[in-house]
Amino acid sequence: MDEQMERAGNFLPRLDEEGVSRSNEVDRRVVSLTAPASVAAEQYRTLYYRLERMREARPMKVIAVTSAVAGEGKTVTAVNVALTAARANLDRRILLVDADLRQNQVATALGIRGTPGLSELLAGECEPKDVIRRFQSTRLAVIPAGAPPEDSSQVLASARMKHLLAKMREAFDEIYFDLPPALPFADAAITAAMADGVVLVIRANATPLGAVSEALERLAGAAVVGCVLNGAEAGMGPYLRPYARR
Ligand SMILES: Nc1ncnc2c1ncn2[C@@H]1O[C@H](COP(=O)(O)OP(=O)(O)OP(=O)(O)O)[C@@H](O)[C@H]1O
Ligand SMILES: [Mg+2]
C-alpha cells in the first residue's frame, strides 16, 4: 500500500484567488476550467497522468475521491481531475458523479442545477437521461447529488446503486466520484469499495496523521491507490516556482 501511495502521491498547491480569472458561476478554484494555463491546473494534470500511468498496469475506470474529515478539498480535486480528463482525451467519455448525497457540492462548484441528481435516480424517481448533464461546452458529463435523502448510506449501499454503476461502466470510459469524508459517515467506505481506485485527499497542515490512518482503516477493502496533499504551501516546489508568474 505504502509503495502505491508513493507512486500516486501528488502535491496540489494552495489555490489563491489572485491570478485566476473570474467565471460567472463556476467556483474560481475550478482552475482546470477557469485558468487552464496556471501552475495549479498543471498540478491536476500531473495527478491525472499519474492515474493514467497506473491504468497501464491495471484498468481503473471508476476513481473515487475521499478524505478523512470534512473540508480537505475532495470536491475541488474531483472536479478538477474530471475536467482535466475531459480535456485530455477527446475520444473518451468522462463522467463526474457527486456521491456526497449530503451536500451536493459538485453542482455548486460548477454552477449547475443540483437537482434532480443521483439521489432521485436511486429513489427511482427519474431516468439517467434526466440527471446526466453536459457541463458547459466541455466533454464532461455530470450527475449532481440531488436532494439529500434521509438515509444516504443505505441508498448508496442499495442494489439499485450497484445496477446503476454497472450501467455507468458500460456508457463511460472514465468515471470520477466525489465522496463524503470517510470518518464521520459510512457512505464513503461503501462507495469507495465499488471503485477501482480511491484517492485520499489530505489537507496540508490540517489533517492529523491519526485521522488519516483511521480513515485508511475505515476504507479497508477499497483500492486506495494514492493520496494528494492539498493546499500545500510548498506544493509549488522548486521546479515549478520559476514558472509561477508566467
Ligand atoms: N488547494 C486549495 N487551495 C485553496 N482553497 C482550497 C483548496 N482546495 C479546497 N479549497 C477550499 O477549501 C474548501 C473545502 O474544499 P472542498 O469543498 O473541495 O472540500 P471537501 O473535502 O469536498 O469538503 P466536504 O468534506 O465538505 O465535502 C472550499 O472552500 C474550497 O474552495
Ligand atoms: Mg466535498
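The paragraphs below lead through a predicted model of one chain and its ligand, from the overall make-up to the strands, helices, ligand shell and a few notable backbone positions.

The chain contains 12 helices and 8 strands, and of its 246 residues 44% are buried. Among the contacts in the chain with a separation of 6 or more, 77% are between residues 24 or more positions apart. In soluble globular proteins, nonpolar side chains tend to be buried together. In this chain the largest nonpolar core has 68 residues, and Val 79, Ala 82, Leu 96, Phe 177 and Val 198 are those with the most contacts inside it. Helix α4 gives the most to this core, with 8 residues.

A good place to begin is strand β2, which covers residues 62-67 and has 6 of its 6 residues buried. Val 62, Ala 64 and Thr 66 point one way from β2, while Ile 63, Val 65 and Ser 67 point the other way, and all of these are buried. Strand β2 is joined by 4 bridges to strand β6 (residues 174-178), the two running parallel, and by 5 bridges to strand β7 (residues 197-203), again in the parallel sense. Individual pairs help to trace these connections: Ile 63 has Tyr 176 as its bridge partner in β6, Val 65 stands opposite Asp 178 in β6, and Thr 66 has Leu 200 as its bridge partner in β7.

Strand β6 also pairs with strand β3 (residues 94-98), in the parallel sense and over 5 bridges. Leu 96 has Tyr 176 as its bridge partner in β6, and Tyr 176 is also the bridge partner of Ile 63. Because 5 of the 5 residues of β6 are buried, this strand is largely enclosed by the rest of the structure. Its two faces are both covered, with Glu 174, Tyr 176 and Asp 178 buried on one side and Ile 175 and Phe 177 buried on the other.

Leu 96 leads from the strands to the core and to helix α4. Leaving aside its neighbours within four places in sequence, Leu 96 is in contact with Ala 78, Val 79, Ala 82, Val 106, Leu 140, Val 142 and Tyr 176. Helix α4 covers residues 74-88, and its 15 residues reach 21 Å from the first C-alpha to the last, close to the 21 Å expected at 1.5 Å a residue. Of those 15 residues 13 are buried, so α4 is largely enclosed by the rest of the structure.

The ligand can be approached through the same helix. Around ligand 1 there are 18 residues, of which Ala 70, Gly 73, Lys 74, Thr 75 and Val 76 come nearest. The elements that give two or more residues to this shell are α4 and β8 (224-232), and α4 gives the most, with 3 residues. By class, the shell is made up of 5 nonpolar, 8 polar and 5 charged residues.

Two other helices add to the picture. Helix α3 (residues 39-57) has 19 residues, which at 1.5 Å a residue should span 27 Å, and its end C-alpha atoms are 28 Å apart, which agrees. The buried residues of α3 are Val 39, Ala 40, Ala 41, Gln 43, Tyr 44, Leu 47, Tyr 48 and Leu 51. Leu 156 lies in helix α8 (residues 152-156), and it counts as buried because 26 other C-beta atoms lie within 10 Å. Beyond its neighbours within four places in sequence, Leu 156 is in contact with Ala 99, Met 161, Asp 187, Ile 190 and Thr 191. Leu 156 and Leu 118 are 38 residues apart in sequence and 9.5 Å apart in space, C-alpha to C-alpha.

Finally, three loop positions deserve a look at the backbone. The peptide bond from Thr 115 to Pro 116 is cis, with omega near -5 degrees, and Pro 116 lies in the loop between α5 (105-110) and α6 (118-122). Gln 136, which is not a glycine, has a positive phi of about 40 degrees; its place is in the loop between β4 (133-134) and β5 (140-143), and because it has 14 C-beta neighbours inside 10 Å, Gln 136 counts as partly exposed. Asn 205, also a residue other than glycine, has a positive phi near 60 degrees. Asn 205 lies in the loop between β7 and α11 (209-218), and with 9 C-beta neighbours inside 10 Å it counts as exposed.

Note on methods. Residues are numbered from 1 along each chain as its sequence is written. Chains are lettered from A and ligands numbered from 1 in the order in which they are written. This is a predicted model: local features need pLDDT of at least 70, side-chain atom pairs count only at pLDDT 80 or more; totals for chains, interfaces and linings use all residues. A residue is near a molecule or strand if its C-beta atom, placed from the backbone, lies within 6 Å of it. Ala, Val, Leu, Ile, Met, Phe, Trp, Tyr, Cys and Pro count as nonpolar, Asp, Glu, Lys and Arg as charged, and the others, Gly among them, as polar. A residue is buried if 20 or more other C-beta atoms lie within 10 Å of its own, exposed if 12 or fewer, and partly exposed in between; C-beta atoms are placed from the backbone. Two residues are in contact if their C-beta atoms, placed from the backbone, lie within 7 Å. Two strands pair if DSSP finds at least two bridges between them. The expected span of a helix is 1.5 Å times one less than its number of residues. A nonpolar core is a set of buried Ala, Val, Leu, Ile, Met, Phe, Trp, Tyr and Cys residues joined through C-beta atoms within 7 Å.
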